[in-house]
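Here are some notes to read alongside the structure, set out as numbered points. Please keep the model open and look up each element as it is named.

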2 protein chains.
Amino acid sequence: MLNNVVSLEGGLGNIKGLGCVGISAGFRRNPQRKDLALIVAKEPCVTAGVFTQNIFCAAPVILSKKHLMQADGKIKAIVINSGNANASTGEPGMQTAVETTKITAKQLGCLPEQVLVASTGVIGAPLSADVFADGIPRAISELGSFDGLAQDAGLSAAEAIMTTDTHPKQAAQKFTLVQNDGSEYKYIIGGMVKGSGMIQPNMATMLGVVATDAPLTKAAANIALKAAVDVTLNKVTVDSDTSTNDCVFFVSTGAGGGETIDVGDMALDGIIQALTMVCENLARQIAFDGEGATRLITVNVVGAASETDADMAARAVANSPLVKTAIAGHDANWGRIAMAIGKSGASFKQENVSISIMDMPVCEKGLPIPFDEDEALRRFDEQTEIVINIDLGAGSASTTIWSCDLTHGYISINGDYRS
Amino acid sequence: MLNNVVSLEGGLGNIKGLGCVGISAGFRRNPQRKDLALIVAKEPCVTAGVFTQNIFCAAPVILSKKHLMQADGKIKAIVINSGNANASTGEPGMQTAVETTKITAKQLGCLPEQVLVASTGVIGAPLSADVFADGIPRAISELGSFDGLAQDAGLSAAEAIMTTDTHPKQAAQKFTLVQNDGSEYKYIIGGMVKGSGMIQPNMATMLGVVATDAPLTKAAANIALKAAVDVTLNKVTVDSDTSTNDCVFFVSTGAGGGETIDVGDMALDGIIQALTMVCENLARQIAFDGEGATRLITVNVVGAASETDADMAARAVANSPLVKTAIAGHDANWGRIAMAIGKSGASFKQENVSISIMDMPVCEKGLPIPFDEDEALRRFDEQTEIVINIDLGAGSASTTIWSCDLTHGYISINGDYRS
């Protein structure tokens, strides 16, 4: 049971038992920009991870996957650099990732396999361990407090993982959880992500760390993270391109006290619910800060024959360049939405489909509904979130996908720099 | 056996036994623009068709499919209008399509089911049969000759089906075919398409008509069209959006004489080969004239584990906004190509992948190869076709996909008109 959910400022800085910091270590040319985030658990603690499905996955992805499976999987630290993705770097890249965990472990007095690594930035450029050797001790010396009151430190970590993000992205909330034994505990979940952006001359990635002071078993943490990410961060699309470095970690410090929550415990439902809310908040921030975006697009599909159909239909709309440019042009162009669901592979009959844009019905039973174009333009001007509701009339499955409009800004960021 | 293949100017105007014309009938506001194409066979003749898979398919698609399955499937005429897609128009739209075939049949003295219809333009706008009632008799009076020397008439038909295409698209070639009985015949295959473009405020479509004076059975024509389109027009992508109105027709007038070619005849292989060449020519024209395009992108994938894998990998590259904007920015950004094949779903190992761009090797065995960036920029400047070769190192299947770069022009055409 989840009660008294209240949003908090900041992200990871709210989590008791976790210290974090972001510093400028020299991965980037610009010495003003932070580029190394370090997250340290007071005691090694339960951590779960989800990773990119891209076959061209980067060395840190491979190594962190391995570390999460090793030993008891308790993690002492997470090291994230921006500016270099350490992807397509072969054996030397893997050596750098391994070396990074050794440097960190030596400094913190833990095992290398208790350290996770993640990188974001240029693909195919060599990454030297020297910058880590220099930066990690410095980061440790500047680490924020472990008391859950380290807002500045949390912010600096969120800044250090940014690439083309226009602002750091954090979310946190506190809530009351009723445990199996009837006792009530107050917990916090908080986290940070970086948006799917690009840096010259190569693509960057989505990275995220969420954490809670609630005590979870490893299995419970894994289940909770997968459940939350499946309906939030995995439902974001900016340009349909999946990075080589995506990963999200979920840390449970247990510093909030109470009985440890395991698979099968009622309390785990509450944790999943709370984690999902935080991850949805972060997911929406990523979509809204998509490259060149001026509008967040939320695509709700209901009435699908299956969850797969719902996802295919919503994703086809959210990824359609024609829908995304129409939104950029403030055009309630439902024909393009119909086209997108029609090509998606989802099963339905066109005569059963209804569509509304910004709460204005534009298509019912597959046919156009006259609508007030001036009112549509007014809503486009006023609303920063454009909601598209689609009823396929083919079943009872549903989903939501978050995207953004496609503007000249996207082309400029990704195509102009060499011209 | 196929011999002496020679390209010809024009398209359908070269086909003996076929008359065609394009006129301005009033579907568009601009009276200067042709918007009605009429293709008439001297005698009803074998015709095959392939159609969009989009569930939101338009009334003319449904009706033409039906007519091709009816009776002996011999077709007297094809009527194509631009300016209005007659899609999402419900029962009235279907009545208009039916009425169009009746008007045409009455004028030409054939059965309504011997008439095919196709439309391209705005989705969801009512289409009146009145414009056809007025335009079709006029088109018939201006019909080009049936002698295979009607270049002007062929051009006018190609112009009448254009939407945002910047120029009409035609292709034709003559060739010598050795028949089963050893006799040699000279035949011609020619055709026209319109490129996947857009018209305000809705998406338009890919439409094509190809024809030959070689005599084919219905079954042979169907097989030849599917075989040719699968590796040509179905391998084009401008923006990954599938229209509601796509269709391609293949007409065999038989006016070139010789024995009728059936399924199982050796000569059918020659026809398929020749038809594939013409369709590839048209497919490349569509990709190159993609909205806002400055470069044709040809993605060759070899070494795939299956044809499906080859298609998935090549299509992922051809549709990736990051790859397409990189080409627009003259950036030989192979990291984005690696990312795209990595997310495609095709099976391979990154350490077996090789990639070259414009004949410059950029990645071998999954690792970067240093290349001359200045030379790459020179080639980007000089070449209008950018060839990307990818060897997945996972098998022996291969494919080619044609696409184009993604520029500010695409955003302007599709997103600027309301802002």
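1. In this predicted model, a good place to start is chain B, where strand 13 is joined by four bridges to strand 16 (residues 385–391), the two strands running antiparallel. Within this pairing, S354(B) stands opposite D391(B) of strand 16. As general background, strands of a sheet pair through backbone hydrogen bonds, in either a parallel or an antiparallel sense.

2. The wider setting in chain B is an open sheet of six strands, in the order 15-14-13-16-12-17, whose pairing is mixed. At its edges stand strand 15 (367–368) and strand 17 (397–404) of chain B, and each has a single partner strand, so that one side of each is left without a neighbour in the sheet.

3. Chain A likewise has an open sheet of six strands with mixed pairing, and the order is 15-14-13-16-12-17. Here strand 13 (residues 354–357) of chain A pairs with strand 16 (residues 385–391) of chain A in the antiparallel sense, over four bridges, and I355(A) has I390(A) of strand 16 as its bridge partner. Helix 6 of chain A packs on this sheet, where it touches strand 12 (296–304) and strand 17 of chain A, and its direction makes about 45 degrees with that of strand 17.

4. How is chain A divided into domains? The domain assignment gives domain 1 (2–288) and domain 2 (296–415) of chain A, and their C-alpha centres lie 32 Å apart. The contact between them takes eleven residues from domain 1 of chain A and twelve residues from domain 2 of chain A. On the domain 1 side, helix 6 (residues 266–288) of chain A gives the most, with four residues, and by class that side has six nonpolar, three polar and two charged residues.

5. Helix 9 (residues 334–343) of chain A deserves a careful look, since ten of its ten residues are buried; among them are W334(A), R336(A) and K343(A). Helix 9 of chain A is followed by G345(A), whose phi is positive, near 100 degrees.

6. Is Q350(B) buried or exposed? This residue, which lies in the loop between helix 9 (334–343) and strand 13 (354–357) of chain B, has 22 other C-beta atoms within 10 Å, and because the cut-off for a buried residue is 20 or more, Q350(B) counts as buried. Leaving aside neighbours within four places in sequence, Q350(B) is in contact with I55(A) and F56(A) of chain A, and with G366(B) of chain B.

7. The largest nonpolar core has 271 residues, and of these A313(A) and A313(B) touch the most other members. Not counting residues up to four places away in sequence, A313(B) touches V301(B), A304(B), I341(B), S344(B), A346(B), I390(B) and L392(B).

8. Finally, strand 2 (residues 18–23) of chain A has six of its six residues buried, so this strand is largely enclosed by the rest of the structure. L18(A), C20(A) and G22(A) point one way from strand 2, while G19(A), V21(A) and I23(A) point the other way, and all are buried. Strand 2 of chain A is joined by six bridges to strand 3 (residues 36–51) of chain A, the two running antiparallel, and V21(A) stands opposite L38(A) in strand 3.

Technical notes. Residues numbered from 1 in each chain as written. Chains lettered and ligands numbered in written order. Predicted model: local features only at pLDDT ≥ 70, side-chain atom pairs only at ≥ 80, totals over all residues. Domains from an automatic or database assignment. Contact = placed C-beta atoms within 7 Å. Nonpolar A, V, L, I, M, F, W, Y, C, P; charged D, E, K, R; others polar. Pairing = 2+ DSSP bridges. Axes fitted to C-alpha atoms, helices over the stretch in contact; angles between N-to-C directions. Core = buried A, V, L, I, M, F, W, Y, C linked by C-beta atoms within 7 Å. Buried ≥ 20, exposed ≤ 12 C-beta atoms within 10 Å, placed from the backbone.
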